[in-house]
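Me: Could you take me through this model and tell me how each label is earned?

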Amino acid sequence: MKAFPQIHSMYIAPRAGELMVPLERAEIIAGEGIVGDRYALGLGAFSKTKPKIRHISLITLSGIENANAQLRAKQQTLFGEGDTRRNLVISGISEDELNSLVGKIFYLGGIAFKGTELCEPCQRPANLLKRPDFMNVFENRGGLRAEALDSGILSNGDSLTYPSE
C-alpha cells in the first residue's frame, strides 16, 4: 500500500537564530504564514535582506533520513528534524515529488498553498549549528517554500494533497 503524504511534525522559531520549537497545531494566516513564526513576524534572518515569500517551508522526512544516512556512513553527527529550520516535515512523499510542487497549488489539511521556490540548502543552518556538512547532505533535498493562500489550522497528521499530472 502506498503511503499518503502527511504532516509528520511542525516547527517555528519566534526570532532569527532561535531554536526551532515543535508544534502540535499551527495557525496559518493567508498572506503571512504561521502565527508566531519569525517570517510571519518579519523577524527572520532574510526578512529584510532577501525579501520574498517565506510564509511556510516544507521538507520531506525521507530527505532528512537520506541526509542522515550519508552522515551516518561518515560517522558524523545526524540532523534532527528541527535542525533543518523548515516549518513542516512531510512524510509519505519523496524529495522529487515535493520539489515538483514549485509553481503549483497544493493543500495541507484543506488549506491552500502555492509552491514558490525550492529551499536550497544555505549557510544559515550550517552556521547556527556549527555544522558545515548541512549544505552538502541536503543538496536537492532542502525542501520547498510556499505561499499561504488560505487561513486555517494545521495539525500533525494532516494530509498533503496536490493535483497529479
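Reply: Happily; here is a short exchange on the labels and the cut-offs behind them.

Reply: This is a predicted model, in which local features need pLDDT of at least 70 and side-chain atom pairs count only at pLDDT 80 or more, while totals for chains, interfaces and linings use all residues. Residues are numbered from 1 along each chain as its sequence is written, and side-chain values use heavy atoms, with hydrogens and water left out.

Me: Why is Val-137 called buried?

Reply: Buried means under 20% relative accessible area, with exposed over 50% and partly exposed in between (1.4 Å probe, protein chains only). Val-137 has 1% relative accessibility, so the residue counts as buried. Across the protein chain, 44% of the 165 residues are buried.

Me: What makes a run of residues a helix or a strand?

Reply: Both are DSSP runs, numbered from the N terminus: H or I with at least four residues for a helix, E with at least two for a strand. The protein chain has four helices and eleven strands. Val-137 sits in helix H4.

Me: How do you know that the span of helix H1 is close to the expected one?

Reply: The expected span is 1.5 Å times one less than the number of residues. H1 (residues 61-73) has 13 residues and an expected 18 Å, and its first and last C-alpha are 18 Å apart, so the two are close.

Me: Which residues of H1 are buried, and what puts them on the same side?

Reply: Leu-61, Gly-63, Ile-64, Ala-67, Asn-68 and Leu-71 are the buried ones in H1. They lie on the same side of H1 because they cover an arc of only 160 degrees around the axis, taken from the directions from the helix axis to the C-beta atoms. Their packing partners include strand E1 (6-12) and helix H4 (133-137).

Me: What is Val-137 in contact with, beyond its neighbours within four places in sequence?

Reply: Contact means heavy atoms within 4.5 Å. With those neighbours left aside, Val-137 touches Ala-67, Gln-70, Leu-71 and Phe-79. Val-137 and Ile-64 are 73 residues apart in sequence, with 8.9 Å from C-alpha to C-alpha.

Me: What makes the lining of the largest cavity two nonpolar, four polar and two charged?

Reply: The lining consists of Asn-99, Leu-118, Cys-119, Glu-120, Asn-140, Arg-141, Gly-142 and Gly-143. Ala, Val, Leu, Ile, Met, Phe, Trp, Tyr, Cys and Pro count as nonpolar, Asp, Glu, Lys and Arg as charged, and the others, Gly among them, as polar. Leu-118 and Cys-119 are therefore nonpolar, and Glu-120 and Arg-141 charged. A cavity here is a set of points on a 1 Å grid over the protein atoms alone where a 1.4 Å probe fits but cannot get out, and lining residues have an atom within 4 Å of a point.

Note on methods
1 Å grid on protein atoms, 1.4 Å probe; cavity = no way out; pocket = protein on both sides within 12 Å on 5 of 7 lines; lining within 4 Å.
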